[in-house]
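Here is a walk through one structure, taken a piece at a time. Have the sequence and the 3D view open as you read.

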Amino acid sequence: MSILKDILNCFLPPRCLKCGNVLKDDLGICSECLEKIHFITEPYCYRCGQPFEFLEDKKGQLLCGKCLKDKRSLFRCSRSAFIYNDDSKDLILNLKFKDRTDSAELLAKMMYVAGKDIFSAGVDVIIPVPLHYTRLLKRRYNQSALLANELSRISGIKCNNLSLIRHKNTRPQVELSGVERQKNVHNVFSVKNYDAIKGKRVLLVDDVLTTGATLKECSVALKRSGAKTIDLLTIGRVI
């Protein structure tokens, strides 16, 4: 297998998933691009994952002002691998719109590291944010499902791609403002297999956390179906 891999690398050398330059190894991303990515590490809000800029020497279960006021959150905690900006967005956009499905493995590994405390706390099932079937037919794959499947492979935790569904087709969130995003996804998600959700500790997976509107609506549907806890995990987060 190693010999075959070496032969393939001679004719099709591995390239950086971001810049496209030839790599000397199989890490998936070159050191130059890796250094530019702003990975989210402690200190951050224990619940929502919002990074703290002025508490560099603090760690532990710190809460931001918003989470201190909101005592009844839909989810247990939220984590993201890195900040979504000009230095990192190509990794996600290439996966999402340019058929770079091969990048799902690397991105899932980053997500697994970012969500290590979620996995330690306990997860029963991994569920991706679903696409409406018409958009799925057009795009041919759901990038969130690819990430969820890779996380399942890494962690050994079952992935459920069928129970949470998007029963209404809506405008892409990227075209809308914050308030419009919330209205756009209101009541568009539902669960069709309650037994797969009831009493389970659910990890909800998506590509980017922007306003959180989509993840919130998915969480509402999962809670109504009896999910015990819900955690959120994304590749990128808009700050």
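## Helix α5 and what it packs on

Let's start with α5, keeping in mind that this is a predicted model. The buried residues of α5 are A104, L106, L107, A108, M110, M111 and A114. What do they pack against? The list is β1, α4 (89–97), α6 (116–121), α8, β5 and β6, so-called neighbours that turn up again below.

The helix itself spans residues 104–114, and its axis sits 9 Å from that of α8, with an angle of about 65° between the two. That crossing is right-handed. On the α5 side, the contact uses A104, E105, L107, A108, K109, M111 and Y112, while α8 brings in L146, L147, E150, L151, R153, I154 and S155. Sorted by class, that makes nine nonpolar residues, four charged and one polar.

## The sheet

Next up is the sheet. Four strands make an open sheet in the order β1-β6-β5-β2, and the pairing is parallel. β1 (77–83) and β2 (125–128) are the edge strands, each with pairing on one side only. From one strand to the next, the twist averages 20°.

Two helices pack here. α8, residues 143–155, touches β2, β5 (201–209) and β6, and its direction makes about 130° with that of β5. α10, residues 213–224, lies across β2, β5 and β6 as well, running at about 165° to β5.

## A closer look at β1

β1 may be an edge strand, but is it mostly covered or mostly open? Mostly covered: seven of its seven residues are buried. Its partner is β6 (residues 229–237), which runs parallel to β1 and is joined to it by six bridges. To find the register by eye, look for R79 opposite L233 in β6 and F82 opposite G236, also in β6.

A general point helps when you look at side chains here: in a regular strand they alternate between the two faces of the sheet.

## Cysteines

How many disulfides does the structure hold? Zero. C77, the residue that opens β1 (77–83), is in no disulfide, and the nearest cysteine sulfur, in C45, is 9.7 Å away. C77 counts as buried because its relative accessibility is 4%, under the 20% cut-off.

C218 falls within α10 (residues 213–224). Why is there no bond for C218? Its sulfur is 14 Å from the closest cysteine sulfur, that of C159, so the gap is too far for a bond. A disulfide would need the two sulfur atoms within 2.5 Å. C218 is buried too, at a relative accessible area of 0%.

## Out in a loop: N21

Last stop is N21, in the loop between α1 (2–11) and α2 (31–36). Buried, exposed or partly exposed: which is N21? With a relative accessible area of 48%, N21 is partly exposed, because the exposed class starts only over 50%. Leaving aside neighbours within four places in sequence, N21 is in contact with P14, R15 and C16.

For a sense of distance, compare N21 with K69: the two are 48 residues apart in sequence, and their C-alpha atoms are 47 Å apart in space.

Conventions: Residues are numbered from 1 along each chain as its sequence is written. This is a predicted model: local features need pLDDT of at least 70, side-chain atom pairs count only at pLDDT 80 or more; totals for chains, interfaces and linings use all residues. Side-chain values use heavy atoms; hydrogens and water are left out. Two strands pair if DSSP finds at least two bridges between them. Axes are lines fitted to C-alpha atoms, for helices over the stretch in contact, and angles run from 0 to 180 degrees between N-to-C directions. Contact means heavy atoms within 4.5 Å. Buried means under 20% relative accessible area, exposed over 50%, partly exposed in between (1.4 Å probe, protein chains only). A crossing is left-handed if the near helix is turned anticlockwise from the far one by less than a right angle, and right-handed if clockwise. Ala, Val, Leu, Ile, Met, Phe, Trp, Tyr, Cys and Pro count as nonpolar, Asp, Glu, Lys and Arg as charged, and the others, Gly among them, as polar.
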